[in-house]
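The following report introduces a structure to a reader who has not met it before. Its topics are the helices, their packing and a few individual residues.

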Amino acid sequence: MTAYEWDSSLETGHDKIDLQHKQLIAAVNRLLDSCSEGKGTDELSNTLEFLNSYIIKHFSDEEKLMRFYKYADFERHRWYHEEFKKDVRELTSQLLAEGPSEVLIGRVSSAIVDWLLNHIKGDDFKFASSIAPVAEARR
Ligand SMILES: [Fe+2]
C-alpha cells in the first residue's frame, strides 16, 4: 500500500490545524509502512488507540477556534466531528470483536484518509476561509 503524501492543497493556512492534520496522515502512513513490513496487524491497535485520543484533541482545538471566531456553521461542523469519532470507535469495536486483519487495516486506513481528505478540503477550508479576513485584519 502506498503512503499518502501531504501537499499544499491540504493546507488551511492555520499552522496548528495543519500540523495536527499532518500527524493524522502520518499515523495512517505508519500503519501502511508496518503493513509493508508484515507487521500491520501488530500496529493496528496502536493506530486506533492514537486516533481515538488524537482526534478528540484535534477536534476540540478546531472547535475552540470556531467558537472564538463565532463561526456560523459551527454546529454542523461539530456534528461531522462527532460522526467521525463514532466511526473510529466503531472500527475499534470491530478490532476488539474480530481481531486484527488485513481487511480491517484496509477499512481503517481508507475510512480515515477518505474522511480526513474530504473534511479538510471541504469543511475545514470553508471555516479557514471564513476566518482568514479576520485574521488578516488583526495583523
Ligand atoms: Fe474539522
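A residue is called buried if 20 or more other C-beta atoms lie within 10 Å of its own, exposed if 12 or fewer do, and partly exposed in between, with C-beta atoms placed from the backbone. By that rule His-58 is buried, because 20 other C-beta atoms lie within 10 Å. The model is a predicted one, in which local features need pLDDT of at least 70 and side-chain atom pairs count only at pLDDT 80 or more, while totals for chains, interfaces and linings use all residues. Residues are numbered from 1 along each chain as its sequence is written.

**His-58 and its helix**

His-58 belongs to helix H2; helices here are DSSP runs (H or I, at least four residues; strands are E, at least two), numbered from the N terminus. Leaving aside neighbours within four places in sequence, His-58 is in contact with Gln-20 and Leu-24, where contact requires C-beta atoms, placed from the backbone, to lie within 7 Å. Between the C-alpha atoms of His-58 and Glu-102, which are 44 residues apart along the chain, the separation is 27 Å. Other buried residues of H2 include Gly-40, Glu-43, Leu-44, Thr-47 and Leu-48.

The expected span of a helix is 1.5 Å times one less than its number of residues. The table sets this value beside the distance between the end C-alpha atoms, and the two agree for H2 and for H3.

| Helix | Number of residues | Expected span | Distance between end C-alpha atoms |
|---|---|---|---|
| H2 | 29 residues | 42 Å | 40 Å |
| H3 | 25 residues | 36 Å | 36 Å |

**How the helices pack**

Two packed helices are described by the angle between their axes and the distance between the axes. Axes are lines fitted to C-alpha atoms, for helices over the stretch in contact, and angles run from 0 to 180 degrees between N-to-C directions. The axes of H1 (residues 15–36) and H2 come within 9 Å and cross at roughly 170 degrees. H1 is therefore roughly antiparallel to H2, the term for angles over 145 degrees (under 35 is roughly parallel, 65 to 115 roughly perpendicular, and the rest oblique). Among the residues that meet are Gln-20, Leu-24 and Leu-31 in H1 and Leu-44, Leu-51 and His-58 in H2. By class, this contact of H1 with H2 has 9 nonpolar, 6 polar and 6 charged residues. For these classes, Ala, Val, Leu, Ile, Met, Phe, Trp, Tyr, Cys and Pro count as nonpolar, Asp, Glu, Lys and Arg as charged, and the others, Gly among them, as polar.

The axes of H2 (residues 40–68) and H3 (residues 74–98) come within 10 Å and cross at roughly 170 degrees, so H2 is roughly antiparallel to H3. The contact includes Leu-44, Leu-48 and Ile-55 of H2 and Phe-84, Val-88 and Leu-91 of H3. By class, the contact of H2 with H3 has 11 nonpolar, 5 polar and 4 charged residues. In H3, the residues His-77, Leu-91 and Leu-95 are buried.

**The nonpolar core**

A nonpolar core is a set of buried Ala, Val, Leu, Ile, Met, Phe, Trp, Tyr and Cys residues joined through C-beta atoms within 7 Å. The largest one has 14 residues, and Leu-31, Leu-44, Leu-48, Leu-51, Val-108 and Ile-112 have the most contacts inside it. At least two residues of this core come from each of H1, H2, H3 and helix H4 (102–138), and H4 gives the most, with 5 residues. Leaving aside neighbours within four places in sequence, Val-108 is in contact with Leu-44, Thr-47, Leu-48 and Leu-91.

**Outside the helices**

Lys-70 lies in the loop between H2 and H3. Its phi is near 50 degrees, a positive value in a residue other than glycine. Lys-70 is exposed, because 9 other C-beta atoms lie within 10 Å. After H3 comes Gly-99, with a positive phi near 80 degrees. In the segment before H1 is Glu-5, which is exposed, with 8 other C-beta atoms within 10 Å. The C-alpha atoms of Glu-5 and Lys-70, 65 residues apart along the chain, are separated by 32 Å.

Conventions: Two residues are in contact if their C-beta atoms, placed from the backbone, lie within 7 Å.
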